Amino acid sequence: MTIADPIAFAIFILLWLAYARTTDNRRFRNRVSLTRAMNAQRAAWIRNAMRRDLRMIDTQIMAGLQNGTAFFASTSILALGGCFALLGATEQVFMIFGDLPLVFQAGRAGFELKVGGLACIFGYAFFKFGWSYRLFNYCTILLGAVPMAGDIHKDPAAADLAADKVIRMNILAASHFNAGLRAIFLSIGYLGWFVSPYLLMITTALIIFVLIRRQFYSEARQTVLEQAD
């Protein structure tokens with residue numbers, strides 16, 4: 001491996017961390033991220049649920065969130081298994097790479113190191129999705145503990161506290177889900193490293209550019225933040 005490999009990997013990690021910090025905690029050029037805008041909508045949803053006597057629709061929404069999280073957790077496990085299978089097919093991979101132009105060979109050890117890094121990304125994604133699934137489960141329980149609409153007036157402070165617990169748990173679950181999804185997206189950019197470290201820099205920058213656009217300049221963000229006249 002050349003000196004460009006650790007530099008490219010360091011850029012990959014730094015861009016990952018910078019993007020995560022920007023979307024979760026900060027603004028980008030004074031623009032609120034889609035993630036933070038949706039957190040406000042989560043709070044509005046739970047507040048509306050407090051005024052409903054029958055909350056079947058809310059439990060269905062929770063179930064949908066859990067199902068989506070479970071799907072990505074299963075996908076991460078399959079991808080992790082594929083990484084281990086790839087380690088057992090190193091010779092075949094080198095035969096394919098040998099026929100491709102402009103591919104920088106890194107040697108067997110370098111290739112296995114890159115596959116190990118990819119496995120770590122999918123392992124990280126699985127733990128994030130798995131914990132998110134558990135938190136959405138807790139969120140469902142906390143939602144069930146919120147007083148019924150007719151009983152809120154008996155102790156408004158307790159009802160507000162119960163709703164705040166649901167909101168915070170839901171946002172936390174979504175945060176872990178977003179972290180896992182972020183890892184899946186960036187794993188696509190990571191694949192460029194198997195060709196060359198320079199392609200890793202390019203693909204990582206491209207993925208980050210697309211993600212930033214979706215978070216801060218997309219039609220989805222504009223729709224969420226649109227105010228009624």
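Tyrosine 190 and phenylalanine 194 are both buried in this predicted model. The two side chains also meet as an aromatic pair of the edge-to-face kind, with 6.2 Å from centre to centre and 75° between the planes. They belong to one aromatic cluster that also takes in Phe9, Phe12, Trp16, Phe111, Tyr124 and Trp193.

Across the whole structure, a search returns 13 aromatic pairs. One of these joins phenylalanine 9 to tryptophan 193, and here the rings are stacked, their centres 5.5 Å apart and their planes at 20°. The pair is a link between distant parts of the chain, since its members are 184 residues apart: phenylalanine 9 sits in helix α1 (residues 4-25), while tryptophan 193 lies in the loop between α6 (156-190) and α7 (197-216). The two partners can also be set side by side for burial. Tryptophan 193 has a relative accessible area of 5% and is therefore buried, as that value is under 20%. Phenylalanine 9, with 33% relative accessibility, falls between the 20% and 50% limits and so counts as partly exposed.

The aromatic residues lead on to the nonpolar interior. The largest nonpolar core holds 28 residues, and the members that touch the most others are Phe12, Phe129 and Tyr190. Of these, Phe12 and Tyr190 are also part of the aromatic cluster described above. At least two residues of the core come from each of α1, α3 (56-87), α5 (107-144), α6 and α7. Helix α5 gives the largest share, 8 residues. For phenylalanine 129, leaving aside residues up to four places away in sequence, the contacts are Thr69, Phe72, Ala73, Ser76, Phe177, Gly180, Leu181 and Ile184. A separate core of 14 residues lies apart from the largest one, and its members include Met50, Ala159, Val166 and Ile167.

Finally, the model can be read alongside the database record. An unreviewed UniProt entry carries the annotation "transmembrane region" for residues 71-97, 109-127 and 190-212. In the model, the span 109-127 is 100% helix and 0% strand, with 27 Å between its end C-alpha atoms. For residues 190-212, helix makes up 74% and strand 0%, and the end C-alpha atoms are 17 Å apart.

Key. Residues are numbered from 1 along each chain as its sequence is written. This is a predicted model: local features need pLDDT of at least 70, side-chain atom pairs count only at pLDDT 80 or more; totals for chains, interfaces and linings use all residues. Side-chain values use heavy atoms; hydrogens and water are left out. Rings of Phe, Tyr and Trp (its six-membered ring) pair if their centres lie within 6.5 Å; planes under 30 degrees apart count as stacked, over 60 as edge-to-face and the rest as tilted. Helices (H or I, at least four residues) and strands (E, at least two) are DSSP runs, numbered from the N terminus. Buried means under 20% relative accessible area, exposed over 50%, partly exposed in between (1.4 Å probe, protein chains only). A nonpolar core is a set of buried Ala, Val, Leu, Ile, Met, Phe, Trp, Tyr and Cys residues joined through side-chain atoms within 4.5 Å. Contact means heavy atoms within 4.5 Å. UniProt positions are given in the numbering used here, feature names are shortened, and annotations may be inferred rather than shown by experiment.
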